[in-house]
Amino acid sequence: MLTPPAASGDIILSAVIQSPAVVPPIAARPAQTVVVSRGETVESLALHDHSDAAAIRWANGLGTGAQPAPGTALLIPPSAAALVQVLPSERPSHFAKRLGLDPRVILDYNALTKDTPRPVGSYLQIPLSAAPSGALVGRYFARASDGVPSVPEAHAAVADGFPYGQCTYYAASRRTVTWAGNAGWWFGAANGIRPEGHVAVAGAIVVFHTGWFGHVGYVESVNPDGSFVVSEMNYYGDGGGWGRVDHRTIARTDFWSVTGFIY
């Protein structure tokens with residue numbers, strides 16, 4: 001099994017929060033709710049209110065590139081955020097207690113109307129400075145349906161540099177890949193270029209350490225039980241093979257074969 005490479009630059013390996021040397025206050029101020037004026041964008045509001053654009057988008061359910069309409073009431077979290085998965089049937093108040101946070105902090109980072117159990121597999125935002133090990137760094141992810149994170153879509157029109165029909169060719173056609181090498185080397189090769197981790201997220205490239213040269217695929221979706229659906233090329237099973245795309249579900253019992261995920 002490959003060992004993860006050391007963290008490089010400002011990419012946080014495994015999308016895991018490392019506690020900074022000086023921990024800032026959880027919130028310098030409470031969250032604000034503003035009414036969007038004509039011409040205002042998520043980015044301009046983040047700059048004006050000393051907030052974080054990614055945290056604003058997640059809190060208000062705005063997708064990548066989407067902008068609020070004039071007259072919309074928008075929650076402005078106090079700072080950058082991390083994403084933590086809720087437990088089955090967990091209420092936001094219980095989520096806050098489990099993480100040792102004041103429930104009001106959860107309301108500062110998530111536009112919630114009721115303290116009801118969250119959908120299975122969903123995530124809530126918390127302050128970046130209070131994130132536990134294993135949390136996802138919010139700025140790298142977009143919000144999909146039901147509060148589930150996804151990797152913002154970015155892909156190449158052609159998979160230059162990779163031979164047609166191979167798993168690397170297919171993965172590079174779904175996401176922009178700026179490194180080279182066999183599939184088994186990708187997790188190390190992408191270090192310092194893309195965030196990486198060990199949490200399945202829709203839109204990520206999954207790297208397997210199976211076969212002679214490893215294998216890569218594209219995560220189509222993540223199921224509530226933690227298993228995920230992958231599409232891939234050159235996998236001889238489930239109707240796949242050289243130059244053919246197949247889909248299969250990777251069960252939690254098969255996670256031993258996964259080196260990690262490139263976001």
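This passage describes two sheets, the helices that pack on them, and a cavity in a predicted model.

The sheet of three strands is open, and its strands follow the order β4-β3-β5 with antiparallel pairing. Strands β4, residues 123-127, and β5, residues 136-137, form the edges, and each of these pairs on one side only. Strand β3 comprises residues 81-85 and is joined to β4 by five bridges, the two strands running antiparallel. Within this pairing, Ala81 lies opposite Pro127 of β4, and Val84 lies opposite Leu124 of β4. The pairing of β3 with β5 is also antiparallel and extends over two bridges. Here Ala82 has Val137 of β5 as its bridge partner. Strand β3 is mostly covered, with four of its five residues buried, a term that denotes under 20% relative accessible area.

A helix accompanies this sheet. Helix α2, formed by residues 53-60, packs on the sheet and touches both β3 and β4. The direction of α2 makes an angle of about 140 degrees with that of β4.

The sheet of six strands is likewise open, with the order β8-β13-β9-β10-β11-β12 and antiparallel pairing. Its edges are occupied by β8 (196-197) and β12 (245-250); each has a single partner strand, so one side of each is left without a neighbour in the sheet. Inside the sheet order given above, strand β9 (residues 205-208) and strand β10 (residues 215-222) are connected by four bridges and run antiparallel. In this pair of strands, Phe208 stands opposite His215 of β10. Helix α5, made up of residues 167-174, lies across β9, β10, β11 (228-233) and β12. With respect to β10, helix α5 runs at about 40 degrees.

Enclosed space was also examined. Rolling a probe the size of a water molecule over the atoms shows where empty space is left. With a cut-off of 30 Å³ or more, the count comes to one cavity. The volume of the largest cavity is about 30 Å³. Its lining consists of Arg175, Thr176, Trp179, Arg194, Ile205, Ile262 and Tyr263. By residue class, the lining of the largest cavity divides into four nonpolar residues, one polar residue and two charged residues. One of the lining residues, Ile205, falls in strand β9, which covers residues 205-208.

Methods: Residues numbered from 1 in each chain as written. Predicted model: local features only at pLDDT ≥ 70, side-chain atom pairs only at ≥ 80, totals over all residues. Heavy atoms only, no water. Pairing = 2+ DSSP bridges. Contact = heavy atoms within 4.5 Å. Axes fitted to C-alpha atoms, helices over the stretch in contact; angles between N-to-C directions. 1 Å grid on protein atoms, 1.4 Å probe; cavity = no way out; pocket = protein on both sides within 12 Å on 5 of 7 lines; lining within 4 Å. Points joined across faces, edges and corners; volume = space filled by probe spheres on them. Nonpolar A, V, L, I, M, F, W, Y, C, P; charged D, E, K, R; others polar. Buried < 20%, exposed > 50% of the residue type's maximum accessible area, 1.4 Å probe, protein only.
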